[in-house]
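Colleague: I have a new model open and would like to practise reading it with you. Could we go through it feature by feature?

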Amino acid sequence: MIYILADDIGYTDWGCYGAAKIKTPALDQLASEGVRFANAYAPASTSSPSRFALLTGEYAWRKNVGILPADAPLSIDVQKNTLPKTMKQLGYTTGIVGKWHLGLGSPNEPVDFNKPIQMGPLAVGFDYCYYFPATNDRVPCVYIENEKVVGLEADDPITVSYTKELEGSITGRKHPELLKLHPHLGHNHSIVNGISRIGWMTGGTKALWKDEDMAENLLDKAREFVCENKDKPFFLYYATHNAHEPRVPSDAFRGKSEAGIYGDVIEEFDYCVGELVKCLKKEGLYENTIIIVTSDNAPMIKEGYKDGALENINGHNPYGVMRGEKYSLHEGGNKVPFICVWPSRIQHPFVQEQPFIYLDMLATLPSLIGKPIDVAQCNDSKDGSKLFFEENAPLYRNYIVTQNNGGDISIRMGRWKYLPATKCSGAELYDLDNDPSELHNVVYAYPEVAYKLKKLAAKVKQ
Ligand code: CA
């Protein structure tokens, strides 16, 4: 079983979802062999809360999880059930390769990157991990394999800070002449590989990653995990850095797409998915492996760096007709591409129109393999497994709740989408059947619907 989670890839960024200027043959092939969800939601419109909900089956606002620095304490309660723990209990060897972004260490014992790190993926149910701590635009720019930073030398220890500039750190703010990619907003602290990041770090020189090699490096580790565990059930969470900023593909993909650098990193992502599928086929595992591919949230085309993505996107649109982008509670923020193949069980390809949210993987994955777990172990997660097999499956939950980075929520119930009032804005209600772009707030036209959803939102957030 492989759960592939892209970073900041939008609903219409793959050919099978309508992209014309970005070529994604591997993903399109998968979609043509399995189920493609037309209404799948990421639990949040930013990284950490979306990933938290995926791995715990719990709404992230309950724990106030927003975008985390690398040295934030582990956000997942090690006493509670998680997706990797569940898969482990069901006999699967569990591994994560790629992005973590859920905190490390504990409040009493903050992470020290020079010492063995237990309070991270290993503490929440992963048997194996090869990961980078936060995001590819945040320090420290190193990989951690199991407990240790890869390539770290004892006489060059790593120091990390997100609160103050470290003595000896070379920053983009002071040394723009050293940059190959210039910051747009923030992102002007320590320079690694010619790119300034969020946060300061010193040391660990031999351990620093090279962005150009990142996709191939993570792909290699994903393949290694598959090959090493091919004789037994495995669960691989492969969380790529594509297409998050800084967008730095390998030379083979730079300039390859017709949608500029934005398209290039998505084509590189497609390549990685294709190579992993090839590996499964070579090992004879493809027929009986569940592969899910999706994204943690929508993109923001121009965000941290002046990489020319927006200027060169050439008419490509990652959001389809939807309003909103990363950080938003509107559909464009967290409706994501989501496909699943499992050749031995999903034999007829189809498009699933029913709404699905991958908060529900904790309850859904065990059910998919015929081993449902007790609802007491599912937290907020519900079993949506029927949607993976039946084109006309009934609704498995009455409403879908998503959140933004701050923990504000939206509720989708049938055709209605409701955004409760916040400190900054009044309540919003949209009729998605007639207004998929959420242009016309009908909260006053349908007061009874608005009232019902307002009450529901308050109940959900209790
Ligand atoms: Ca993301």
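Colleague: Let me begin with the rings: how many aromatic pairs does the structure hold?

Modeller: This is a predicted model, so please keep that in mind throughout. The structure holds 23 aromatic pairs. A good one to start with is Tyr59 with Trp61, whose rings are stacked at 4.3 Å centre to centre, with 15° between the planes. Tyr59 is buried at 8% relative accessibility, and Trp61 is buried too, at 9%.

Colleague: And which aromatic pair is tilted?

Modeller: One of them is Trp342 with Phe389, with 6.2 Å from centre to centre and 45° between the planes. This pair links distant parts of the chain: Trp342 sits in the loop between β13 and β14, Phe389 in the loop between α7 and β16, and 47 residues separate them. Trp342 is buried at 6% relative accessibility, whereas Phe389 is partly exposed at 30%.

Colleague: Which residues form one aromatic cluster?

Modeller: Look for Tyr3, Phe37, Phe338, Phe356, Tyr358, Phe388 and Tyr396.

Colleague: Let's turn to the metal. Which protein donors does the calcium ion have?

Modeller: For a metal site, list the donor atoms and then ask where they sit in the chain. Here the calcium ion takes OD atoms from Asp7, Asp8 and Asp296, the last of these listed twice, plus OD1 of Asn297, at 2.2 to 2.6 Å. Along the chain the donors follow the spacing D-D-x287-D-N. Asp7 belongs to the loop between β1 and α1, and Asp296 to the loop between β12 and α6, so the pair ties together parts that are 289 residues apart in sequence. Both Asp7 and Asp296 are buried.

Colleague: How should I read a helix such as α5: is it largely enclosed or not, and why?

Modeller: An α-helix has 3.6 residues a turn, so residues three or four places apart point the same way. In α5, 19 of the 23 residues are buried, so the helix is largely enclosed by the rest of the structure. Helix α5 covers residues 260–282 and reaches 33 Å from its first C-alpha to its last, close to the 33 Å expected. Just after α5, Gly284 has a positive phi of about 75°.

Colleague: Which residues other than glycine have a positive phi?

Modeller: Two to inspect are His187, with phi of about 55°, and Asn379, with phi near 50°. His187 lies in the loop between β7 and β8 and is buried, with a relative accessible area of 9%. Asn379 lies in the loop between α7 and β16 and is partly exposed, at 28%.

Colleague: Where are cis peptide bonds found?

Modeller: Check omega. The bond from Val139 to Pro140 is cis, with omega near -5°, and Pro140 is in the loop between β4 and β5. Another cis bond joins Asn242 and Ala243, with omega about 5°; Ala243 is in the loop between β11 and α5.

Colleague: Last, the sheet: what is the order of the strands in the open sheet of 4 strands?

Modeller: Strands of a sheet pair through backbone hydrogen bonds, either parallel or antiparallel. This open sheet runs β16-β17-β18-β19, with antiparallel pairing. Its edge strands are β16 and β19, each pairing on one side only, and the twist averages 20° from one strand to the next. Strands β17 and β18 pair over 3 bridges, and Arg412 has Lys417 in β18 as its bridge partner. Helix α8 lies across the four strands β16, β17, β18 and β19, at about 125° to β17.

Definitions and conventions
Residues numbered from 1 in each chain as written. Predicted model: local features only at pLDDT ≥ 70, side-chain atom pairs only at ≥ 80, totals over all residues. Heavy atoms only, no water. Helix = DSSP H or I, 4+ residues; strand = E, 2+ residues; numbered from the N terminus. Expected span 1.5 Å × (residues − 1). Buried < 20%, exposed > 50% of the residue type's maximum accessible area, 1.4 Å probe, protein only. Donors = N, O, S within 2.8 Å, 3.2 Å for Na, K, Ca; no water. Pairing = 2+ DSSP bridges. Axes fitted to C-alpha atoms, helices over the stretch in contact; angles between N-to-C directions. Contact = heavy atoms within 4.5 Å. Phe/Tyr/Trp six-rings, centres within 6.5 Å; stacked < 30°, edge-to-face > 60°.
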